[in-house]
Each structure stands twice: as C-alpha cells, then as structure tokens.
Amino acid sequence: MADYNQDGEQEFQFQQENDGVNNQFFDHGLGNFEKTREREQEELERQIRAEQTQKQVDYHKSSQEMRDKTRTGGNYLPIKTNLKQAYSPFHIFVSGHIESGQINDYDGLCCKYDFVAGTDWQIIDGNRSGVSQHSYKSQQTNRRVVWNYPFELAFSSTNVTGWPQLVLTMTNRDFFGRDQICGYGTVHIPTQPGSHYRYLNVFQPISSSLLSQVFGWFKGKNAEFINPIELLSKNEGREVTRVISTGVIKIQFHVTVKNMDEYGIFPFKA
Amino acid sequence: MADYKPEIYFIGQIVGGSDFPTDLDGLFVEASLKYGENWKLIEKTSTIQTHTSYPDDEGFFVFAHPFDFYFICESVQGWPKLNIKVWRLDQYGKLDNIAYGIINLPNETGSFDLECPTWRPMSGWREESYNYYLGGPPKLVNSDPIVRDLNKRRFLTSMSSGSIHIHCEVLMKGYRDSFISGDQ
C-alpha cells in the first residue's frame with residue numbers, strides 16, 4: 001500500500017512534474033502561438049488602418065484635386081508652373097461715360113475726371129484724367145447738362161485695397177469767360193462686373209470766413225481745394241472742411257473683371 | 001480645410017444724410033467700426049469723420065466720404081458694424097451730438113445701398129425745452145446702449161431723426177473654400 005501509495009505519490013509527483021514540464025512546454029508553445037496570433041492580428045489591424053488612412057488620404061487628395069480642377073482660388077494658386085505666373089495680377093477693364101448732370105444755378109459746366117487708385121494698382125491702358133467740353137443747358141431740356149464724355153481704362157493689381165475711385169471736379173464758365181469751381185464728387189468703380197449707373201452727389205467748399213467769401217465774389221472765384229484729388233480720395237483730413245451740396249451727376253460704368261477668381265475673389269453671383 | 005483665413009473687403013462711401021431736423025446748420029458724421037475679437041482690421045483706422053456739410057434745397061447733406069475696410073476674419077461671430085454718430089455745427093460754432101445709429105455691414109458679396117435710420121435720446125420737458133430754446137438735445141454718455149448692453153435700451157426714451165445713406169460693396173476672398181455662406 002505504502003509502495004503503491006509511494007508509487008502513486010511518486011507517479012503523481014512524476015505526473016505532476018511531467019504535467020509541470022508539459023505545462024511549461026505547452027505554455028511556452030501556447031504563448032508563442034498566441035503571440036504570433038496577436039502579431040498577425042496587429043499586422044492585420046495595421047494593414048486595415050493603413051488602408052483606411054490611405055483611403056482618407058486618397059479621398060482628400062481626390063477632393064483637393066477635384067477642387068483644383070474645378071477652379072483655383074486663394075492658396076490653391078498654381079506656383080511655378082509654366083502655364084501661369086505665380087501671384088498673377090487681376091485686371092479690371094472699365095469703360096463708360098459721364099452722361100449728364102444737374103447742378104443748381106450753374107450753366108456752362110465742364111467736368112474733369114481723375115482716376116485714383118492705391119499703390120499696388122497700375123493703369124495699363126487709357127487716360128488717367130480727362131477734361132470734357134463746356135456744356136450749356138438747352139431750351140428743351142432745361143434742367144440737365146449733357147456731356148456724354150467717355151472714358152476707358154484698364155487696371156491691373158495684386159491687391160484689392162486701394163480700389164480705384166473716380167474723382168470729379170466741376171467748373172463753370174461765367175459771363176466774363178472765367179472758370180470757377182462749382183463742385184467736387186467721388187465714387188468708387190463698381191466691384192461687380194456688368195453695367196452700372198451711379199448717381200454722384202456733388203458738393204462745393206464754403207469759404208472759411210465771410211470776408212474771403214466777399215472777396216471771392218468780387219474776384220469771381222469760389223473757394224476751392226488746393227489738392228482735391230488727394231483730399232477726396234482719402235478719408236483722412238477732411239474734418240476741417242465745410243461744404244454745401246450742389247447737385248447730382250449721372251455716370252455709367254461698364255466693368256469687366258479678369259483673373260479675379262484665381263485670386264480667390266468671386267465678385268459675380270454665380 | 002483651407003490653410004488660410006478668409007478675407008473681406010468693404011469698399012464704399014458714406015453718401016449723405018437726409019430728413020435731419022436742421023435747415024441752417026451743418027452736419028458731420030463720425031462712424032466707427034465695431035467688430036468681434038476674431039476679426040482683424042488691416043492698415044486703417046477704425047474711426048472716420050466726414051466733412052461738415054450744409055444741405056441743398058431738398059435737405060440732402062452730401063458727405064461723399066469713401067472708405068476701404070479690409071478685414072481678416074477667423075470667426076464669423078462679431079460681424080462688423082458701423083456705429084454712427086451725427087454731429088451738428090450750428091451758426092455760433094457749437095457742436096452737438098444730435099443723432100445715433102448702428103448698421104450692420106452686409107454679409108454677402110455684391111453692391112448695396114444701405115440706409116441707417118437714426119434716433120436721439122429724449123428725456124423730460126426740461127431738456128426738451130432747453131433743446132427748443134438753446135439748442136442741444138440730450139446726449140448719451142457712452143455708446144454702450146447702442147452697441148453692447150442692449151438690455152439697457154429699455155431705460156431710454158428716444159425721438160426719431162433723419163437717416164444716413166451708405167453705399168457699400170463687398171468682396172469676399174476664401175469664403176467658398178471655408179464653406180461660409182455669402183459668396184455664392
């Protein structure tokens with residue numbers, strides 16, 4: 001019994017040892033197997049993730065490519081390509097005419113236009129300034145004065161700030177043939193392409209004192225700005241002047257815009 | 001999506017004012033921009049002041065004051081507004097703030113003729129009679145009830161005044177690429 005018991009114990013012990021060894025062996029094997037499986041799973045997951053990221057990247061790329069193909073704007077500017085210049089300027093073609101005006105008590109009116117733009121703007125073609133004929137009211141159209149004075153310009157720029165303005169200076173000719181200032185006015189060129197009418201309100205500076213007004217009346221000269229173009233195109237330094245409104249002028253603009261969508265701006269409503 | 005910020009240009013003119021209760025006195029407008037923290041105004045001062053204008057026979061005051069505002073916007077919140085104060089210069093050289101108004105700049109590309117109706121605060125018979133005989137309506141101490149603390153408006157009584165006409169043209173850059181409306 002004891003032997004048997006001993007044997008059994010021994011066998012048991014042996015079995016235990018064996019089991020232990022086997023367990024150790026099998027544990028080892030099982031662990032390796034499990035680790036390889038985990039590795040395979042990780043690789044699979046990695047592959048799946050890589051595919052997904054690749055898909056995302058492809059999607060983004062394709063959407064960006066699509067956007068580039070459909071249109072270019074903002075920072076999608078094509079840089080260093082042979083087809084287009086880097087930071088290519090946009091162009092604005094303005095034509096139109098100063099149609100007519102109505103200024104209260106004045107007759108024999110002449111208008112001088114000046115186009116003023118910012119530092120980044122260049123005039124490619126056309127006259128920056130021009131002086132129209134002297135025009136008198138007729139018997140039939142007793143109110144308005146017609147000039148029908150055309151202008152045509154082409155601008156190019158790389159920056160929107162300093163959008164060009166039209167500055168008008170009106171003079172009239174009195175009984176003695178003297179010219180005197182009777183109005184100033186400004187208007188921006190329309191930013192929307194197409195044809196536009198603009199009604200431009202005209203004003204006239206008032207003398208700073210009554211004495212100079214009386215002298216001016218004798219001399220046949222109203223008060224006038226020394227540098228009207230500089231003063232009217234900017235919005236600084238005008239606080240000190242006093243003006244009175246005198247009339248309205250009608251101007252017709254035709255605006256064409258080129259390359260502005262490449263710059264990132266879509267002034268037209270699609 | 002886009003790695004640059006949308007930019008916006010407000011180009012236009014304070015054209016004039018009409019229906020103001022003065023016939024002999026000159027008016028000028030002080031307009032200041034109010035905008036959110038995420039908006040950045042480039043290069044220019046945010047307050048403009050026009051010349052003093054005297055009316056014609058129809059009571060129209062010409063200002064013809066051009067502006068050219070250039071913003072970079074990081075968020076659409078706090079879209080810029082023009083806070084308008086109308087001042088009166090009477091024949092004795094006295095300056096009075098006679099009207100207030102605020103107007104949103106347009107949030108769409110295009111050209112717009114805006115009209116900003118204005119008002120002035122009104123108080124009791126003492127101030128009104130002072131205004132009638134001596135000139136000079138009651139004034140606001142600060143511009144908070146116009147712009148910021150809208151809950152304080154209910155403590156005010158007001159009288160309506162004339163309106164300021166503004167012509168504004170808007171150009172938007174990069175609004176489509178940022179998927180913000182307005183540039184459609």
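## Close-up views of the A–B interface

Between chain A and chain B, 18 residue pairs are in polar contact, with both partners at pLDDT 80 or more. Keep in mind as you look around that this is a predicted model.

**View 1. What chain A brings to the interface.** The side of chain A that touches chain B draws two or more residues from each of these elements of chain A: strand 7 (179-188), strand 8 (194-205), helix 3 (228-233), strand 9 (242-258) and helix 4 (260-263). Sorted by class, that side of chain A holds 18 nonpolar, 17 polar and eight charged residues.

**View 2. The area buried between the chains.** Here 43 residues of chain A meet 43 residues of chain B in contact. Together, chain A and chain B bury about 3700 Å² between them, and carbon and sulfur atoms account for 53% of that area. Three residues to look for are A:Asn235, A:Arg238 and A:Ser245: they supply 15% of the area that chain A buries against chain B, more than any other three residues.

**View 3. The salt bridge between A:Arg198 and B:Glu169.** The count of salt bridges between chain A and chain B is one. The side chains of A:Arg198 and B:Glu169 form this salt bridge, at 2.7 Å from N to O.

**View 4. Strand pairing across the two chains.** Strand 9 of chain A runs parallel to strand 5 (residues 52-54) of chain B, and the two pair over three bridges. To find your bearings, pick out A:Ile244, which stands opposite B:Tyr54 in strand 5 of chain B. Strand 9 (242-258) is also among the elements that give two or more residues to the side of chain A that touches chain B.

Key: Residues numbered from 1 in each chain as written. Chains lettered and ligands numbered in written order. Predicted model: local features only at pLDDT ≥ 70, side-chain atom pairs only at ≥ 80, totals over all residues. Heavy atoms only, no water. Contact = heavy atoms within 4.5 Å. Buried area = accessible area lost by both parts, 1.4 Å probe. Salt bridge = Lys/Arg side-chain N within 4 Å of Asp/Glu carboxyl O. Polar contact = N/O pair within 3.5 Å; in protein donor to acceptor, adjacent residues only side chain to side chain. Helix = DSSP H or I, 4+ residues; strand = E, 2+ residues; numbered from the N terminus. Nonpolar A, V, L, I, M, F, W, Y, C, P; charged D, E, K, R; others polar. Pairing = 2+ DSSP bridges.
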